[in-house]
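Reader: Hello! I have the sequence and the model open side by side, and I would love a close look at a single part, set in its surroundings. Could you pick one and walk me through it?

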Amino acid sequence: MALDVLRSRNSMGDPVADGPFAFKPGDPNGFRVRLEAPPGVSLRQTNRGLRRTFRSGSPTLPDALDVGAAFNTQSAPLGDPDLATYDFAPWLHDSRGFRSRLEGFTGTGLHNQVHRWIGGDMAPASSPNDPVFFLHHANVDRLWESWMDRHGRNYVPTTWSLIQHTPGGRRGSRRTLRSEWQQGHRRNPCPQCDDRLPW
Ligand SMILES: [Cu+2]
């Protein structure tokens with residue numbers, strides 16, 4: 001379904017020029033992007049059309065083989081038994097396990113690859129500006145649900161964890177994950193998050 005939406009004629013561009021999300025300069029009620037988070041900027045107001053730059057960040061989309069590989073818990077080289085575990089300490093973005101595989105920090109790309117393939121407004125932290133974000137993330141949730149059907153609802157860590165995501169990679173003092181996240185980003189925008197990681 002997402003591909004059908006994206007493959008409509010001229011459904012990419014700056015701005016998108018066709019389809020239900022086309023930019024119509026003379027129509028104040030047409031689809032507009034009102035907030036954006038470009039690299040190095042946490043959030044700012046704007047008033048423009050939707051941007052999509054297909055294949056700019058990845059030449060391909062994930063396919064069924066990529067998804068199948070993320071569920072293959074056989075021994076190497078056929079699969080990876082760690083994929084039967086949701087996540088592993090120290091819970092970093094590229095830790096072993098299924099979570100980082102589905103996010104796309106390990107393996108073939110999956111979630112991140114879709115953001116990169118669509119590009120434009122799907123790349124930065126303001127990626128929910130593109131309605132296809134919700135199709136994409138519904139599918140990510142579907143895959144996670146499928147994994148939980150197989151391996152149980154084993155979310156880890158079970159308590160708030162120290163986070164190493166603060167500016168400079170320092171371990172913060174003992175605060176909650178949410179507090180670290182907010183304070184870390186308020187003090188100093190994290191280049192890794194703002195400029196590299198798809199959302
Ligand atoms: Cu995302």
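Author: Happy to; the walk below goes to helix α4, with the whole chain as a backdrop and the neighbouring parts afterwards.

A word on what you are looking at: this is a predicted model, in which local features need pLDDT of at least 70 and side-chain atom pairs count only at pLDDT 80 or more, while totals for chains, interfaces and linings use all residues. Residues are numbered from 1 along each chain as its sequence is written.

The protein chain contains seven helices and two strands (DSSP runs, H or I of at least four residues for helices and E of at least two for strands, numbered from the N terminus). Their order along the sequence is α-β-β-α-α-α-α-α-α. The average pLDDT (the predictor's confidence in each residue, from 0 to 100) is 82 for the protein chain, and 75% of the residues score at least 70. One stretch to read with care is residues 164–196, where pLDDT stays under 50.

Now to the helix itself. Helix α4 covers residues 110–118. Is it buried or exposed? Nine of its nine residues are buried, so α4 is largely enclosed by the rest of the structure. Here a residue is buried if 20 or more other C-beta atoms lie within 10 Å of its own, exposed if 12 or fewer, and partly exposed in between, with C-beta atoms placed from the backbone. The buried residues of α4 include polar names as well as nonpolar ones, among them His111, Asn112, Gln113, His115 and Arg116. For comparison, 23% of the 199 residues of the protein chain count as buried.

Leu110 deserves a pause. Its phi is positive, about 35°, although Leu110 is not a glycine. Most residues other than glycine have a negative phi, and most peptide bonds are trans. Leu110 counts as buried because 23 other C-beta atoms lie within 10 Å. Past the other end of α4 comes Gly119, which also has a positive phi, near 65°.

Leu110 also belongs to the largest nonpolar core, whose seven residues are Ala70, Leu83, Tyr86, Phe98, Leu102, Leu110 and Trp147. Such a core is a set of buried Ala, Val, Leu, Ile, Met, Phe, Trp, Tyr and Cys residues joined through C-beta atoms within 7 Å. A second, separate core of six residues includes Trp117 and Ile118, along with Ala123 and Val132. Trp147, from the largest core, is in contact with Phe71 and Phe98 once its neighbours within four places in sequence are left aside (contact meaning C-beta atoms, placed from the backbone, within 7 Å).

Two neighbouring regions complete the picture. In the loop between α2 (64–70) and α3 (98–103) you will find Pro77, which a cis peptide bond with omega of about 10° joins to Ala76. Pro90 sits in the loop between α2 and α3 too, and the peptide bond from Ala89 to Pro90 is cis, with omega near 10°. Trp91, also placed in the loop between α2 and α3, has a positive phi near 65°. Trp91 counts as partly exposed because 18 C-beta neighbours lie inside 10 Å.

Finally, helix α5 has 20 residues, 132–151, and at 1.5 Å a residue it should span 28 Å (1.5 Å times one less than its number of residues); its end C-alpha atoms are 29 Å apart, which agrees. Just after α5, Gly152 takes a positive phi of about 95°.

Technical notes: Two residues are in contact if their C-beta atoms, placed from the backbone, lie within 7 Å.
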